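Student: Could you help me read the ligand site in this model?
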Amino acid sequence: MADVTVSGIRPGRVLLVGEAMALFGACEEGDLSEVRNFAASTAGAELNVAVGLKRLGQEPVYMTRLGCDPFADRILGFMRANGLDSSLVVRDGSRPTGFMLKSRVSHGDPTTFYRRAGSAASAISPADVQALDWRGISVLHLTGILPPLSETALEASYALVKAARERGVFVSFDPNLRPALWPDADTMRDTLRELAAQADLVLPGLAEGRELFGAETPETVAQAFLDNGARAVVVKDGPRGALAATGSGSCYVPGFVVDRVVDTVGCGDGFAAGVLSALLEGQDLASAAVRGCALGAIQTQHESDNEGLPTPSELKAFTVSHPRAA
Ligand SMILES: O=C(O)C(=O)C[C@H](O)[C@H](O)CO
């Protein structure tokens, strides 16, 4: 097997900063404007990754800003229920907590609608980064959702990467494209390419590679991110699997076969939690990619963005009972 070892990741805690939202998932299929019943839960890419890490035995550090409203109380209750420390959650009574709607579909990706402009999380700023205590943190996991939330959130994203690199903290980056949050496609592409260039590890999907670099295959997407400056890349290739690549080689790992996909939202976050937890346990990048595929596949079996994320025994039960893609 090609050498796909990633160096520079020390044991320690993963820092995540981002927006948590109330999520209303449609209970029946149909246009969001016509659905009558919604089930409430909690969303947010960085929070999803934090939950995934926690369930697998890691101690993530999660920072966000919430309003003083029932959505915020729901999110805090969810964090408590999942054993996540909320001491870095700042309450801001002058701004609302964001929320989103998600449609129910029997195939393809659900439609999402966001109400998050001017939210408490959009006020995340470099001052929040300055206030962070980096002791014990060995990984920063950043997504492409924080930067477009506001000017201050964009500055905070750059400040996070800078602070991490100055401290020798491993930087993991998931492009997580949210075109609706950006002023235009060029700004989105330029900013995300710049942030990805500073990452030790990038976790793009195939479509994100196409959007950011015009690359079409897992191999060309991985090469584009490596040429752009990343030290390692794991390209998510949907149910087929993932390609783990560094400057010294690459390895394609097949995904897990599931009977029926229920909901694709949150799979990428599960994937990130799988990869990072495995790397923190000392596994190589290819084995970490296999765990990423497993968590991604498990997430497709659940409507919630994070409730299906497995404990170690649930993960083991899944991997031994599901065949791998050909
Ligand atoms: O944070 C967002 O933009 C969301 O869409 C919330 C979701 O839980 C998350 O992103 C899924 O990856």
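Tutor: Let us go through the ligand site together. This is a predicted model, where local features need pLDDT of at least 70 and side-chain atom pairs count only at pLDDT 80 or more, while totals for chains, interfaces and linings use all residues. Residues are numbered from 1 along each chain as its sequence is written, and side-chain values use heavy atoms, with hydrogens and water left out.

Student: Which residues around the ligand come nearest?
Tutor: A residue is near a molecule if one of its heavy atoms lies within 4 Å of it. Here 14 residues surround the ligand, and Tyr114, Arg116, Arg178, Asp269 and Asp305 come nearest.

Student: How many residues of each class does the shell have?
Tutor: Ala, Val, Leu, Ile, Met, Phe, Trp, Tyr, Cys and Pro count as nonpolar, Asp, Glu, Lys and Arg as charged, and the others, Gly among them, as polar. The shell around the ligand holds 7 nonpolar, 3 polar and 4 charged residues.

Student: Which polar side-chain atom lies 2.8 Å from an oxygen atom of the ligand?
Tutor: A polar contact is a pair of N or O atoms within 3.5 Å. The 2.8 Å pair involves a polar side-chain atom of arginine 116. For tyrosine 114, a side-chain N or O atom is 2.6 Å from a ligand oxygen, and for asparagine 48 a polar side-chain atom lies 3.0 Å from one.

Student: How much of the ligand's accessible area does the protein cover?
Tutor: Such areas come from the Shrake-Rupley method with a 1.4 Å probe. The protein covers 96% of the 310 Å² that the ligand has on its own.

How values were computed. Polar contact = N/O pair within 3.5 Å; in protein donor to acceptor, adjacent residues only side chain to side chain.
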